[in-house]
Amino acid sequence: MELTTVRIDKPDDLNVIIGQAHFIKTVEDLHETLVGVSPHLRFGLAFCEASGPRLVRHSGNDGELVELATTNALAVGAGHSFIVFLREGYPVNVLNAVRQVPEVCGIFCATANPVDVLIAETELGRGILGVVDGSTPLGVENADDQADRQQLLRRIGYKL
């Protein structure tokens with residue numbers, strides 16, 4: 001077995017969801033789910049087919065994000081993995097809906113941070129072991145940090 005990492009190539013402010021699914025129908029069901037969450041959400045998604053023609057299947061409503069998802073899915077190359085890039089929306093807005101898609105087995109991450117995907121490769125193919133999502137903590141929040149966190153959530157509309 002060979003262990004490698006693949007850095008997700010994306011702009012700093014773009015959100016990404018990386019997950020595992022189990023069926024070619026994933027592409028259409030994820031597309032329908034994401035469209036149903038918000039009419040303003042822009043997204044691109046790609047899915048690595050694990051048998052048959054073994055193609056990277058893709059869809060979305062933003063061509064740039066579809067291309068980015070496709071390129072990154074091809075670089076990861078792990079069977080039945082999927083990548084979704086989001087614009088004009090956040091993972092917190094779509095994660096419950098994505099988890100409810102019958103083909104989705106799990107989510108590795110949902111973030112705007114830099115991401116490294118940890119890959120194991122065997123004679124059979126590639127699999128995702130996990131992800132490195134962002135950087136190591138620099139300390140523990142104090143009272144001012146807590147107040148800043150609470151103000152941020154209210155400023156962006158997630159708390160009253």
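Let's start at Asp 62, which you'll find in the loop between strand E4 (56-60) and helix H2 (63-76). Keep in mind that this is a predicted model. Is Asp 62 buried or exposed? Its relative accessibility is 13%, and since buried means under 20%, Asp 62 counts as buried. As for its company, leaving aside residues up to four places away in sequence, Asp 62 touches Arg 42, Phe 43 and Arg 87.

Now zoom out to the whole fold. The protein has four helices and eight strands. Walk along from the N terminus and the elements come in the order β-β-α-β-β-α-β-α-β-β-β-α. So how does the chain fill space? Along the principal axes, the C-alpha atoms take up a box of roughly 55 × 40 × 25 Å. The radius of gyration is 17 Å, which agrees with the value near 15 Å for a compact globule, because the protein has 160 residues. Of those 160 residues, 36% count as buried.

What about contacts between parts of the chain? Take the contacts between residues at least 6 apart in sequence: 65% of them join residues at least 24 apart.

One link between distant parts of the chain deserves a visit, and it involves aromatic rings. A pair like this is described by the distance of the centres and the angle of the planes. How many aromatic pairs are there in this protein? The count comes to one. The partners are Tyr 90 and Tyr 158, sitting 6.4 Å centre to centre with 75 degrees between the planes. Planes over 60 degrees apart count as edge-to-face, so that's the label this Tyr 90 and Tyr 158 pair gets. Tyr 90 lies in the loop between strand E5 (81-87) and helix H3 (91-99), while Tyr 158 belongs to the segment after helix H4 (143-155), and the two are 68 residues apart.

Neither ring's residue falls in the buried class. Tyr 90 counts as partly exposed because its relative accessibility is 48%, and Tyr 158, at 35%, counts as partly exposed too.

Finally, the outside. The protein exposes about 9400 Å², and carbon and sulfur atoms supply 52% of that area. On the charge side, there are 13 positive and 21 negative side chains. The centres of those two sets lie 5 Å apart. And Asp 62, where we came in, is a buried residue that touches Arg 42 and Arg 87, among others.

Methods. Residues are numbered from 1 along each chain as its sequence is written. This is a predicted model: local features need pLDDT of at least 70, side-chain atom pairs count only at pLDDT 80 or more; totals for chains, interfaces and linings use all residues. Side-chain values use heavy atoms; hydrogens and water are left out. The radius of gyration is taken over C-alpha atoms; the globule rule is 2.2 Å times the number of residues to the power 0.38. Buried means under 20% relative accessible area, exposed over 50%, partly exposed in between (1.4 Å probe, protein chains only). Contact means heavy atoms within 4.5 Å. Accessible areas come from the Shrake-Rupley method with a 1.4 Å probe; for residues, only the protein chains shown count as cover. Lys and Arg count as positive and Asp and Glu as negative; His and the chain ends are not counted. The place of a charge is taken as NZ of Lys, CZ of Arg, CG of Asp or CD of Glu. Rings of Phe, Tyr and Trp (its six-membered ring) pair if their centres lie within 6.5 Å; planes under 30 degrees apart count as stacked, over 60 as edge-to-face and the rest as tilted.
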